[in-house]
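Subject: Structure handover and notes

Hi,

Here is the structure I promised you. Please open it alongside this email, and my notes follow below.

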Amino acid sequence: MDAGNVAWILTSSALVALMIPALALFYGGMVSSRRILNMMIMCFGGASLVALLWVAFGYSLVFGDSVGGLGLIGNPFEFAGLDQALVDDPDAGIPLALFAAFQLLFAGVTTALVAGAAAGRMKYGAWLLFAGLWATLVYFPVAHWVFAFSNDTATGGWIANTLGAVDFAGGTAVHMNAGVAALALALVLGKSKDWGGKLRPHNRPLVLVGAGLLWIGWYGFNAGSALAAGNAASVVFLNTTVAACAGLIGWSIVDRLRHGAVTSLGSASGIIAALVAITPACGAVSPIGAIIIGAIAGVVCCLAIEWKFRLGFDDSLDVVGVHLVGGIIGTLLIGVFATDAAPNGRSGLLYGGGFELLGVQTIATVAVLAYSFIVTWVIAKLIQITIGLRIPEEHEVAGIDEHAHAERAYEDEDLEARA
């Protein structure tokens, strides 16, 4: 094993772990002061439950030998309990325990992203049940399709191997998957009692802090996915940086043109939208391509967040407008801007590759969206008709924190009155 590679993936894993509290801060600042604790605990709780499932059978479902060689799901018993992680294999690129931990955090972050669709109105127990079922039935299978590559001893997922789609760090398995799941959950949950523009972020500086920490964590997410400290990780690091900057500028321009001001919330959202879009493409494009993708994501996602009002679904934290739309943009634009000079070594439409890669990316996109939406909707509906999804109306109006967790985020009565 190369000590430098091991050190880089250890560092990257810590950076991805940072994304869970960062997301909690980002989401927490966007809700009212009477909902912040619940929102943050949902992020931590969902990620924590998924970590336990990952050790029990999740890693096997994702990276085990594909059942029947079909590329749909890994053998759930192959790595059950992860006892194999105790063995020091000198021939491995990095220790199995480290790779398992790195990917565990991907699963946790993805599940936490979905929580934004349930802000302030979902029972905490129902959320944990949903998170466990969703990870098992949606995230683990889709991650197998995308992240499990075939080798001499095992068959991997169909998107990565049979189809040959490009997704460097999770535009399909993470962002589109979480974004369309958030849409399905929001539709089943229904609107908040005060939905429709009355809810305002109670702490915008907290949103900016969360966005900044997410940006830092994203380097582990993207550059760490190179699984080595070399040129590929360096290219991805550069592309991730310039895309994020372009996203902020793109969103800010639209903000200024449409609303007459550049908002702090818009700037933070522009960064995140661009980071989402560059996630699948970061190893496939040039720095100029990364800038273009980031800018397009900033502009389009800024426009997309208003769809919730036109279509009537409650996505107050814009999981759909940012993660679903941004993930689609980044995944499809690989088919346009990919260059074989980049680490992925594939060419898109503008670099002589024709329409083939764009077609492949489209198939992967449609497959993930359809599977995730349908299964998520069924999971949410089953929970709704059994134990119920929503908290009582009076608890929702008064604020979920005190009723669900017996706590307040702030004891300042003036602050409470303004929130």
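A surface patch here is built from residues with over 30% relative accessible area and no salt bridge, and nonpolar side chains are joined within 5 Å. Please also keep in mind that this is a predicted model.

**Surface patch**

One nonpolar patch fits that rule. Its members are Ile288, Ile291, Ile292, Ile296, Val299, Val300 and Leu303. Together they offer about 480 Å² of accessible area. Val299 sits in helix α10, which covers residues 287–304. Is Val299 buried, partly exposed or exposed? It counts as partly exposed, because its relative accessibility is 31% and that class lies between the 20% and 50% limits. As background, an α-helix has 3.6 residues a turn, so residues three or four places apart point the same way.

**Helix α9**

Helix α9 runs over residues 264–281. How far apart should its ends be? It has 18 residues, and at 1.5 Å a residue they should span 26 Å. The end C-alpha atoms are 26 Å apart, so the model agrees with the expected span. Of the 18 residues in α9, 16 are buried, so this helix is largely enclosed by the rest of the structure. Thr263 caps the N-terminal end of α9. One of its side-chain oxygens lies 2.9 Å from the backbone nitrogen of Gly266.

**Three buried residues in helices**

Start with Ser12. It belongs to helix α1, residues 3–30. Its relative accessible area is 0%, so Ser12 is buried. Which residues does Ser12 touch, leaving out those up to four places away in sequence? They are Phe102, Gly220 and Gly224.

Next is Leu185, in helix α6 (residues 171–189). Leu185 is buried too, because its relative accessible area is 0%. Beyond four places in sequence, Leu185 touches Val114, Ala118, Met122, Phe130, Thr376 and Ala380. Look at the pair Leu185 and Ala380. They are 195 residues apart in sequence. In space, their C-alpha atoms are 6.1 Å apart.

Last is Gln103, in helix α3. At 7% relative accessibility, Gln103 counts as buried, since the limit for that class is under 20%. With residues up to four places away left out, Gln103 touches Trp54, Phe63 and Phe147.

**Positive phi angles**

Most residues other than glycine have a negative phi. Two residues are worth a look on that score. Leu82 has a phi near 55 degrees, a positive value in a residue other than glycine. Leu82 lies in the loop between α2 (36–63) and α3 (96–114). It counts as buried, because its relative accessibility is 11%.

Asp318 has a positive phi as well, near 60 degrees. Where is Asp318? It is in the loop between α11 (307–311) and α12 (319–337). Its relative accessible area is 13%, so Asp318 is buried.

**Salt bridges**

How many salt bridges are there? The count comes to five. Here are some of them.

- Asp318 and Lys308: their side chains meet in a salt bridge, 2.7 Å from N to O. The pair links distant parts of the chain, with Asp318 in the loop between α11 and α12 and Lys308 in helix α11, 10 residues apart. Asp318 and Lys308 are both buried.
- Arg390 and Glu396: these side chains also meet in a salt bridge, 2.9 Å from N to O. Arg390 is partly exposed, with a relative accessible area of 23%. Glu396 counts as buried at 3% relative accessibility.
- Arg408 and Glu402: the closest N and O atoms of this salt bridge are 3.2 Å apart. Arg408 counts as partly exposed at 39% relative accessibility. Glu402 counts as partly exposed at 44%.

**Where to look first**

For a quick tour, begin at the nonpolar patch that includes Val299. Then go to Thr263 at the N-terminal end of α9. Finish at Asp318, which has a positive phi and a salt bridge with Lys308.

Best wishes

Conventions. Residues numbered from 1 in each chain as written. Predicted model: local features only at pLDDT ≥ 70, side-chain atom pairs only at ≥ 80, totals over all residues. Heavy atoms only, no water. Patch = residues over 30% accessible without salt bridge, like charges linked within 9 Å, V, L, I, M, F, W, Y side chains within 5 Å. Areas by Shrake-Rupley, 256 points an atom, 1.4 Å probe, with all protein chains shown as cover. Salt bridge = Lys/Arg side-chain N within 4 Å of Asp/Glu carboxyl O. Helix = DSSP H or I, 4+ residues; strand = E, 2+ residues; numbered from the N terminus. Buried < 20%, exposed > 50% of the residue type's maximum accessible area, 1.4 Å probe, protein only. Contact = heavy atoms within 4.5 Å. Expected span 1.5 Å × (residues − 1). Polar contact = N/O pair within 3.5 Å; in protein donor to acceptor, adjacent residues only side chain to side chain.
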